[in-house]
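This briefing sets out the computed features of one chain for a reader working with its sequence and coordinates. The topics are aromatic pairing, helix geometry, burial and overall composition.

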Amino acid sequence: MRPRVRAGDEQPGGIVGYPLPALYREVAFIAYHFHWSPQAVLTLEHAERQRWVEEISAINERANSEANP
């Protein structure tokens, strides 16, 4: 239960929303690299989606550095 502040209003906090352009970028990035449907990517929790984005990016960076020594 959220604590009340002195005026009786609920204390703000938590994630209100995730920027839609960022969500589209994450979904497109993962779906493209893994050949997953956008719906499959959207079932992932936010933290898991971001983790996959980081892993794919790391793989791409290594591949690019090996191709351009």
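In this predicted model, the count of aromatic pairs comes to three. In one of them, the ring centres of phenylalanine 34 and tryptophan 36 are 4.8 Å apart and the planes stand at 50°, so this pair is classed as tilted. The chain that holds these rings has three helices and zero strands.

**Aromatic residues**

- Phenylalanine 34 also pairs with tryptophan 52, in an edge-to-face arrangement with 5.1 Å from centre to centre and 85° between the planes.
- Because phenylalanine 34 belongs to helix α1 and tryptophan 52 to helix α3, this pair ties together parts that are 18 residues apart in sequence.
- Through such ring pairs, Phe34, Trp36 and Trp52 are linked into a cluster.
- Phenylalanine 34 has a relative accessibility of 28% and therefore counts as partly exposed.
- Tryptophan 36 counts as partly exposed as well, because its relative accessibility is 34%.
- Tryptophan 52 has a relative accessible area of 29%, which means that this residue is likewise partly exposed.
- A charged group also lies over an aromatic ring: arginine 49 is placed over the face of tyrosine 18, at 5.9 Å from the ring centre.

**Helix α1: span and sidedness**

- Helix α1 comprises the 15 residues 20-34, and at 1.5 Å a residue these should span 21 Å; the C-alpha atoms at its ends are 21 Å apart, so the model agrees with the expected value.
- The buried residues in α1 are Ala22, Glu26, Val27, Ile30 and Ala31.
- These buried residues cover an arc of only 155° around the axis, and therefore lie on the same side of α1.
- Pro21, Tyr24, Arg25 and Tyr32 are exposed on the other side of α1.
- The cover over the buried residues of α1 includes α2 (38-42) and α3 (46-67).
- Histidine 35, which follows α1, has a positive phi, near 60°.

**Glutamate 26**

- Is glutamate 26, a residue of helix α1, buried or exposed? Its relative accessibility is 9%, so glutamate 26 counts as buried, the cut-off being under 20%.
- With neighbours within four places in sequence left aside, the contacts of glutamate 26 are Tyr18, His46, Arg49, Gln50 and Val53.
- Two of these contacts, Tyr18 and Arg49, are also the residues in which the arginine lies over the tyrosine ring.

**The chain as a whole**

- Read from the N terminus, the order of elements is α-α-α.
- The chain has 69 residues, of which 14% count as buried.
- Among contacts with a separation of 6 or more, 31% join residues 24 or more positions apart.
- The chain exposes about 5,900 Å², and carbon and sulfur atoms supply 57% of that area.

Note on methods:
Residues numbered from 1 in each chain as written. Predicted model: local features only at pLDDT ≥ 70, side-chain atom pairs only at ≥ 80, totals over all residues. Heavy atoms only, no water. Helix = DSSP H or I, 4+ residues; strand = E, 2+ residues; numbered from the N terminus. Expected span 1.5 Å × (residues − 1). Buried < 20%, exposed > 50% of the residue type's maximum accessible area, 1.4 Å probe, protein only. Arc of directions from axis to C-beta. Contact = heavy atoms within 4.5 Å. Phe/Tyr/Trp six-rings, centres within 6.5 Å; stacked < 30°, edge-to-face > 60°. Lys NZ or Arg CZ within 6 Å of the ring centre and 35° of its normal. Areas by Shrake-Rupley, 256 points an atom, 1.4 Å probe, with all protein chains shown as cover.
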